[in-house]
Amino acid sequence: MRYLIIVFSIAISLLVNSCGVYNFTGAKPVDAKTFQVNYFQNNAPLIEPGIERTFTLELQDIIQSQTNLNLVSQGGELLYEGEIVDYRITPMTATADQRAAQNRLTVTVMVRFTNRNKEDDNFEKRFSFFYDFDANQQLVGSQLTTALDVIFERITQDVFNESLAKW
């Protein structure tokens, strides 16, 4: 009976110990306690007012919700900065009478990531995603909000994965 208790204790300790490295967000352990997200300017040729603020806030939110890092306004050990470099609406499919049947909104963001504790992790990279919508609809109001939510959710997740999850 004593042998069974020892084996059970070892098995439980190994199980609990192995869970310390894994987390459900996929983020690797980071040698940092703070992060900073500078305001992303909108330098796209076609300007949609307010999207730079929305993107900046969504990037802050995803990092805060998926890590235990603290957001600071300056001096962060991890620094995210960049700009929105493209906001484009293009026709995707055509009808028989040569009119657009579907349009695509594409947003591209240039992100510069700096890890002050581990310079090998630094990068400067473009992240882009799209949203397709019916050509008969105007991309305003709730339609625009939905499109930007889908696009920014994907881009911020890609930035998170590139900088912290190392996927």
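Q: What share of the 167 residues of the protein chain counts as buried?
A: In this predicted model, 37% of the 167 residues of the protein chain count as buried.

Q: And how much surface does the protein chain expose?
A: The protein chain exposes about 10400 Å². Carbon and sulfur atoms supply 53% of that area.

Q: Moving on, how many helices and strands are there?
A: The protein chain has three helices and six strands.

Q: In what pattern do they follow along the sequence?
A: The pattern reads α-β-β-α-β-β-β-β-α along the sequence.

Q: What part of the contacts with a separation of 6 or more comes from residues 24 or more positions apart?
A: Such residues account for 68% of those contacts in the protein chain.

Q: New topic: why can side chains pair at all?
A: Side chains of opposite charge can pair when their charged atoms come close.

Q: How many salt bridges does the count come to here?
A: The count comes to six salt bridges.

Q: Which residue meets Arg-104 in a salt bridge?
A: The partner of Arg-104 is Asp-132, with a distance of 2.7 Å from N to O. This pair links distant parts of the chain, 28 residues apart. Arg-104 belongs to strand E5 (residues 100–115), and Asp-132 to strand E6 (residues 123–134).

Q: How accessible is Asp-132?
A: Asp-132 has 27% relative accessibility and counts as partly exposed.

Q: What about Lys-125, which residue does its side chain meet?
A: The side chain of Lys-125 meets that of Glu-162 in a salt bridge, at 3.2 Å from N to O. Lys-125 lies in strand E6 and Glu-162 in helix H3 (residues 141–165), so this salt bridge ties together parts that are 37 residues apart in sequence.

Q: How accessible are those two, starting with Lys-125?
A: Lys-125 counts as partly exposed at 35% relative accessibility. Glu-162 is partly exposed as well, with a relative accessible area of 26%.

Q: Which residue forms a salt bridge with Asp-158?
A: Asp-158 forms a salt bridge with Arg-154, and their closest N and O atoms are 3.5 Å apart.

Q: Where do Asp-158 and Arg-154 lie?
A: Both residues are in helix H3, four residues apart, which is about one turn of the helix. Asp-158 is partly exposed at 23% relative accessibility, and Arg-154 is partly exposed with a relative accessible area of 40%.

Q: Last one: which residues are joined into one network by salt bridges that share partners?
A: Glu-83, Arg-112 and Glu-124 are joined in this way.

Definitions and conventions:
Residues numbered from 1 in each chain as written. Predicted model: local features only at pLDDT ≥ 70, side-chain atom pairs only at ≥ 80, totals over all residues. Heavy atoms only, no water. Helix = DSSP H or I, 4+ residues; strand = E, 2+ residues; numbered from the N terminus. Buried < 20%, exposed > 50% of the residue type's maximum accessible area, 1.4 Å probe, protein only. Contact = heavy atoms within 4.5 Å. Areas by Shrake-Rupley, 256 points an atom, 1.4 Å probe, with all protein chains shown as cover. Salt bridge = Lys/Arg side-chain N within 4 Å of Asp/Glu carboxyl O.
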